[in-house]
Amino acid sequence: MLNFCLIGYPLGHSMSPFIHNELFKLKGIEASYGLNAIEPEMLNDKVNELKSLRGFNVTIPHKTNIIPFLSELSDRAGLFGAVNTVSIDENGAKGYNTDCFGFLRALEMAGITLGGKVLLCGSGGVSRMFAFESVLANAELTIAVRDADIDAAMLIKKEIEDKLGRTAVVTTIDRVDGEFDLLINGTPVGMFPNVEACVLPKEKVCRCKAVFDAVYNPQETLLIKYAKEAGIKYSNGLPMLVWQAAVAQEIWLDVEFSMDEVRLVLNKTEEEMNK
C-alpha cells in the first residue's frame, strides 16, 4: 500500500482525500491519502516522518517553508518559489508546483485559450501563479486589486519584470475598463458564505470573452452566473483542483490521466460537494 497525504494548517474540511482516492481507484492503484495538520513550528520535527511516504501535497502555510527540506525543485516550483507537491524516491525529495498545470488543463477542458488581453483580479499566492502563467503564455496582463493590495500587486509586477523580462499593468478594481479576452478571479470574493458578492459589476464581466473563477464553493458563483447569462465560456476552480491532484499522481506514479478520466472524477467530486 502506497501512502500519501496533504500537509497544512489548519486543514479543516478538504476535498483532497476524496479526489485522490477516486483517482487511485480509476487507475486500480492500491494507495491511501490522508490529512496531516502540521502547525508551522512543527514542520521541522515532522519532515523525516513525511519522507517515509511516497509523496505528499502541501498547502498553506508550508508551501515555501518546505523548500529548505527538499533536494531539488522543478522549473515551475523554482520560478514561483512555492511547492504544492513533493515526490520521494531513492534520489531524495523533489518539489513541484502542480497548481499551474491544474489551471492550464482546467482552461483547456473549458475550451478557454490563455492569451490576448487578460484581466487578473487579486494579488495573493494563487493570483501570483495566474499572473506568471498569463505572461508565460504571452498575454497582455492587467492586475486589478483593492486599494489596500496595490503594494502586493506591484511586487508581482516587479517579479514578472525581474524573472521573465516582461511587464504588467497594475490598477484598482474600480478603475477597470475595456474589453478582455479572459477574466481571472484569484480572490475569495463570491466564496461561501458571501455568495452575493462579485469581484466586478455584471456589465464589466460581460465585456470579457471568457471567465475563470478560482472559487469552487459554491460551484456557481455570481461571477459564473453572469458569464453563463452572457453566453461566454467559463470555468470555476473545481476542475483546477481535480487536475492539480491528477498531475501530482502523474508525477508520483508515472501514470497519465485523460480529459475523460478527469471529467469522471470531477463529476463525482461535484456530487460529493452537493451532498
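**Exercise 1. The sheet that holds S1**

How many bridges join S1 to strand S2 (residues 31-37)? Place this pair in its sheet and describe the helices that cover the sheet in this predicted model.

Solution.

Step 1. Start with the pair. Seven bridges join S1 to S2, and the two strands run parallel. Within this pairing, Leu6 stands opposite Leu35 in S2.

Step 2. Check how covered S1 is. Strand S1 spans residues 2-8, and five of its seven residues are buried. Buried here means under 20% relative accessible area.

Step 3. Write out the sheet. The strand order is S2-S1-S3-S5-S6-S4; this is an open sheet of six strands with mixed pairing. Its edges are S2 and strand S4 (72-73), each of which pairs on one side only.

Step 4. Look at the S4 edge. S4 is joined to strand S6 (residues 92-96) by two bridges, and the pair runs parallel. Leu73 stands opposite Gly95 in S6.

Step 5. Add the helices. H1 lies across S1, S2 and S3, at about 165° to S2. H9 lies across S1, S2, S3, strand S5 (85-89) and S6, and runs at about 10° to S5.

**Exercise 2. The sheet that holds S7**

In what order do the six strands S7 to S12 form an open sheet, and is the pairing parallel or antiparallel? Identify the edges and the helices packed on this sheet.

Solution.

Step 1. The order is S9-S8-S7-S10-S11-S12, and the pairing is parallel.

Step 2. Strand S9 (169-172) and strand S12 (233-235) are the edge strands, each pairing on one side only. From one strand to the next, the twist averages 15°.

Step 3. Take one pair from the sheet. Strand S7 (residues 117-121) and strand S10 (residues 182-185) pair in the parallel sense over four bridges. Val118 stands opposite Leu182 in S10.

Step 4. Now the helices. Helix H4 (residues 99-109) packs on the sheet and touches S10, strand S11 (210-213) and S12; the direction of H4 makes about 140° with that of S11. Helix H6 (residues 150-164) also packs on the sheet, touching strand S8 (140-145) and S9, and its direction makes about 170° with that of S9.

**Exercise 3. The largest pocket**

Which residues lie nearest the centre of the largest pocket, and which element gives the largest share of its lining?

Solution.

Step 1. The largest pocket holds about 1400 Å³ of space. Its lining has 44 residues, and Thr59, Ile60, Lys63, Tyr216 and Leu241 lie nearest the centre.

Step 2. Assign lining residues to elements. Helix H1 (16-27), strand S3 (55-58), helix H5 (125-136) and helix H9 (238-253) each supply at least two of them. H5 gives the largest share, five residues.

Step 3. Sort by class. The lining has 22 nonpolar, 19 polar and three charged residues.

**Exercise 4. The second largest pocket and Ser235**

Which residues are the closest to the centre of the second largest pocket? For Ser235, decide whether the residue is buried or exposed.

Solution.

Step 1. About 240 Å³ of space lies in the second largest pocket. Of its 14 lining residues, Tyr234, Ser235, Asn236, Pro239 and Glu270 are the closest to the centre.

Step 2. H4, helix H8 (222-230), S12 and helix H10 (259-274) each supply at least two lining residues. The largest share, three residues, comes from H10. By class, the lining divides into seven nonpolar, three polar and four charged residues.

Step 3. Locate Ser235: the residue is in strand S12. Its relative accessible area is 5%, so Ser235 is buried.

Step 4. List its neighbours. Leaving out residues up to four places away in sequence, Ser235 touches Ala106, Ala110, Ile112, Val211, Phe212, Asp213 and Ile224.

**Exercise 5. The cavity**

How many cavities of 30 Å³ or more does a search of the whole structure find, and what lines the largest cavity?

Solution.

Step 1. The search finds one such cavity. The volume of the largest cavity is about 30 Å³.

Step 2. Its lining consists of Val47, Leu50, Lys51, Phe56, Ile66, Leu70, Val86 and Ala93.

Step 3. By class, seven of these residues are nonpolar, none is polar and one is charged. Lys counts as charged, so the charged residue in this lining is Lys51.

Technical notes: Residues are numbered from 1 along each chain as its sequence is written. This is a predicted model: local features need pLDDT of at least 70, side-chain atom pairs count only at pLDDT 80 or more; totals for chains, interfaces and linings use all residues. Side-chain values use heavy atoms; hydrogens and water are left out. On a 1 Å grid over the protein atoms alone, a cavity is a set of points where a 1.4 Å probe fits but cannot get out, and a pocket is an open set with protein on both sides within 12 Å along at least five of seven lines; lining residues have an atom within 4 Å of a point. Grid points are joined across faces, edges and corners, and a volume is the space filled by probe spheres set on the points. Two strands pair if DSSP finds at least two bridges between them. Axes are lines fitted to C-alpha atoms, for helices over the stretch in contact, and angles run from 0 to 180 degrees between N-to-C directions. Contact means heavy atoms within 4.5 Å. Buried means under 20% relative accessible area, exposed over 50%, partly exposed in between (1.4 Å probe, protein chains only).
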